[in-house]
Amino acid sequence: MIPLKEKPQYVNLDPNFTPLPKYGHLSEKTPEFLAVEPHIAAAYDKFWLGCPDFPTFRREAEVEAEAAAGSPDPYRREVQTELLHFPARDGHLVELKVYKSPKVSAEATLVYRMHGGGFCVGNHETDGAENVHAATNPDIVVVSVDYRLAPEHPFPKGLEDSYDGLIWCQQNAKTLGINPSKIILAGSSAGANLAAVLTLLTHKNSIPGILAQILHFPTVCHPQAFPSARYEFGSYVQNAENCVLSTLRYEAFLDAYLPVPPGSGSCSSRDMRLSPLLADSDSLANLPPALIQCAGVDIFRDEAFAYAIALTEADNTVEIYGYGGVPHCFPAVIPSHPSTPLFYERYNAFLKKYASSSSTNSA
């Protein structure tokens, strides 16, 4: 099994914890979630208890993700895919997966996607449903980057691959059929972290063309560094045993992605490239509009709301939606849940709004 700590290191699981006033009520599970929770737990336990390490976990999970990609999803019949490769800064060839409609428009908007998986597992099809939904819009070409994963490639390698892939896409816009000045950065879970950080870095480095950012179920701050004096922070405790991603299991991912340097006793948890919530006010100012969607029964719930507050306080445009009673990445794990259509409706509406926009963001 994947080794876990006996107890969390970065948060205190207070046995006397009571739900906090702003978001605590969102952890009350819906009947639909309760009905399938044991099955979801068993599906994830198969990897965590049955695999000795993350590379094995990754290989086993990829088999299931690719099987899902071949499922008879009606949306997939409307989308074509293609695999490409680009050289990262160290010469390593990184894979991209392109999703687009057969009726795609010329110079379409690029939706550049980073997949989820705790920085350690996952591939293009981890978020395949979101990629396909976006690509059914003929004004959009989706490009998913298969960035390198921890523990073999710890922080910041996955971020560097993602950044390099974005620049390659801009430089090869004609090959992709995109407009390099119309880009939406998107991701779920760990991928949302990378999308948020890429948004900050492209702004800092004056990379033009970023129209918007989509952050689904985002992790935006190392729990050890979370500014709890400023923002409500109870979801790591309240949802510690979440069946999709528990507090202990996430710490295993984090420690693989951000290992503690020998002899230091600590990790760089406050680095903005890991914890964008901690970016200074200048870095958070003048960013493109954001769509943030989060789940009530998720350890990342409260940081999603915190990041929405931070972006709003910096005078950015933010849409934030919290779905009560459902777990992390619920549209993927409970596609039949009543909240799933609303999740995709808001996602598609946001995409339509910015993909069809003639305006550009000079970032």
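These legends accompany close-up views of a predicted model.

**View 1. The largest nonpolar core.** Let's start inside the protein, where 88 residues make up the largest nonpolar core. Phe54, Tyr112 and Tyr307 are the residues with the most contacts inside this core. Helix 6, spanning residues 190-204, gives the most to the core, contributing nine residues. If you wonder about the general pattern, nonpolar side chains in soluble globular proteins tend to be buried together. Another core, of 26 residues, lies apart from this one; Val79, Ile214, Cys329 and Tyr354 are among its members.

**View 2. Tyr307 and its contacts.** Which residues does Tyr307 touch, leaving aside those up to four places away in sequence? The contacts are Ala196, Leu200, Leu215, Val220, Pro276, Leu277, Leu284 and Ile292.

**View 3. An open sheet of eight strands.** Follow the strands across the sheet and you will meet them in the order 1-2-4-3-5-6-7-8, with mixed pairing. Strand 1 (80-87) and strand 8 (318-327) are the edge strands, each pairing on one side only. On average, neighbouring strands are turned by 20° against each other, direction ignored.

**View 4. Strands 5 and 6 side by side.** Here strand 5 (residues 178-188) pairs with strand 6 (residues 210-216) in the parallel sense, over six bridges. Look for Ala186, which stands opposite Ile214 in strand 6.

**View 5. Helices on the strands.** Helix 3 (residues 128-135) lies across strands 2, 3, 4, 5 and 6, and runs at about 160° to strand 4. Helix 12 (residues 340-355) also packs on the sheet, touching strands 3, 4, 5, 6, 7 and 8. The direction of helix 12 makes about 170° with that of strand 6.

Technical notes: Residues are numbered from 1 along each chain as its sequence is written. This is a predicted model: local features need pLDDT of at least 70, side-chain atom pairs count only at pLDDT 80 or more; totals for chains, interfaces and linings use all residues. Side-chain values use heavy atoms; hydrogens and water are left out. A nonpolar core is a set of buried Ala, Val, Leu, Ile, Met, Phe, Trp, Tyr and Cys residues joined through side-chain atoms within 4.5 Å. Buried means under 20% relative accessible area, exposed over 50%, partly exposed in between (1.4 Å probe, protein chains only). Helices (H or I, at least four residues) and strands (E, at least two) are DSSP runs, numbered from the N terminus. Contact means heavy atoms within 4.5 Å. Two strands pair if DSSP finds at least two bridges between them. Axes are lines fitted to C-alpha atoms, for helices over the stretch in contact, and angles run from 0 to 180 degrees between N-to-C directions.
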